Amino acid sequence: RVPCAVDDLIFACVHLAAFDPGAHVRLIWLLDIYLLMRGLGEADLPVLLERAEKACAVEACLVYGEMAGELGDAKELEHVIGALREVAEERKWKSYQWTLQNRAVDLVAYWGRLPAAGKVRFFGDMARHFKFRNRR
């Protein structure tokens with residue numbers, strides 16, 4: 001199959017995620033992501049979510065999409081960023097759930113190593129997830 005704009009967006013986000021974290025992100029790269037996201041139609045959104053999830057790139061697309069949204073009118077990208085946020089949150093919850101079912105001892109050990117702020121954030125994530133799930 002020939003790569004399309006969805007593939008280009010995922011490649012760009014993964015490229016930035018794999019780049020040296022100590023280096024500065026070049027503005028031109030964020031502009032590319034902004035333009036690619038802005039060009040996505042409603043029909044492209046399910047394809048993006050499916051392919052990004054399959055490539056384990058949802059979080060990378062979300063992080064760099066949010067950064068790119070700061071370049072222009074973030075409202076233009078909100079439908080894409082919002083959908084990526086939902087999938088990222090669901091992936092995080094699935095990871096927590098799997099850990100609770102299969103690695104509860106490790107989770108308790110992880111909890112014990114978290115600083116107070118990390119414990120608060122962890123509880124906040126769980127509370128937001130349960131609140132979000134109960135609204136459906």
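## Helix packing: worked exercises

The buried residues of H4 have cover that includes H1, H2, H3 and helix H5 (78–102). Some terms before we dig in. Helices (H or I, at least four residues) and strands (E, at least two) are DSSP runs, numbered from the N terminus. Buried means under 20% relative accessible area, exposed means over 50%, and partly exposed is in between (1.4 Å probe, protein chains only).

This is a predicted model: local features need pLDDT of at least 70, side-chain atom pairs count only at pLDDT 80 or more, and totals for chains, interfaces and linings use all residues. Residues are numbered from 1 along each chain as its sequence is written, and side-chain values use heavy atoms, with hydrogens and water left out.

**Exercise 1. Describe the chain as a whole: how many helices and strands are there, and what does the C-alpha trace span?**

Start with the secondary structure: the chain has seven helices and zero strands. Reading along the sequence, you get α-α-α-α-α-α-α. Next, the extent: along its principal axes, the C-alpha trace spans about 45 × 40 × 30 Å. Then burial: 32% of the 136 residues count as buried. Now the contacts (heavy atoms within 4.5 Å). Take those between residues at least 6 apart in sequence, and 74% of them join residues at least 24 apart.

**Exercise 2. Find what the surface adds up to and how far apart the mean positions of the positive and negative charges are.**

Areas go first: they come from the Shrake-Rupley method with a 1.4 Å probe, and for residues only the protein chains shown count as cover. The accessible surface comes to about 9,000 Å², and 59% of that belongs to carbon and sulfur atoms. For charges, Lys and Arg count as positive, Asp and Glu as negative, while His and the chain ends are not counted. Each charge is placed at NZ of Lys, CZ of Arg, CG of Asp or CD of Glu. With 19 positive and 19 negative charges, the mean positions end up 7 Å apart.

**Exercise 3. Check the spans of H1 and H4 against what 1.5 Å a residue predicts.**

The recipe for the expected span is 1.5 Å times one less than the number of residues in the helix. H1 has 14 residues, so it should span 20 Å, and its end C-alpha atoms are indeed 20 Å apart. H4 has twelve residues, so 16 Å is expected, and its end C-alpha atoms are 16 Å apart, in agreement.

**Exercise 4. Which residues of H1 are buried, and what covers them?**

First, a handy rule: an α-helix has 3.6 residues a turn, so residues three or four places apart point the same way. Now the list: Val6, Asp7, Leu9, Ile10, Cys13 and Leu16 are the buried residues of H1. Their cover includes helix H2 (27–38), helix H3 (44–54) and helix H4 (58–69). Asp7 deserves a second look: aspartate 7 counts as buried because its relative accessible area is 6%. A polar contact is a pair of N or O atoms within 3.5 Å; within protein, one must be able to donate a hydrogen and the other to accept it, and residues adjacent in sequence count only if both atoms are side-chain atoms. One such contact, at 3.2 Å, joins the side chains of aspartate 7 and arginine 51. For contrast, take histidine 15, also found in H1 (residues 5–18): at 45% relative accessibility, histidine 15 counts as partly exposed.

**Exercise 5. Is leucine 40 buried or exposed, and which residues does leucine 40 touch?**

Locate leucine 40 first: the loop between H2 and H3. Its relative accessibility is 7%, so leucine 40 counts as buried. Leaving out residues up to four places away in sequence, leucine 40 touches Val6, Leu9, Leu48, His79 and Val80. Val6 and Leu9 are among the buried residues of H1.

**Exercise 6. Where does cysteine 56 lie, and what is its phi?**

Cysteine 56 sits in the loop between H3 and H4. Its phi is near 55 degrees, a positive value in a residue other than glycine. With 57% relative accessibility, cysteine 56 counts as exposed.

**Exercise 7. How far is glutamate 78 from arginine 38, C-alpha to C-alpha?**

Glutamate 78 is in helix H5, and its relative accessible area of 38% makes it partly exposed. Along the sequence, glutamate 78 and arginine 38 are 40 residues apart, but C-alpha to C-alpha the gap is 9.5 Å.
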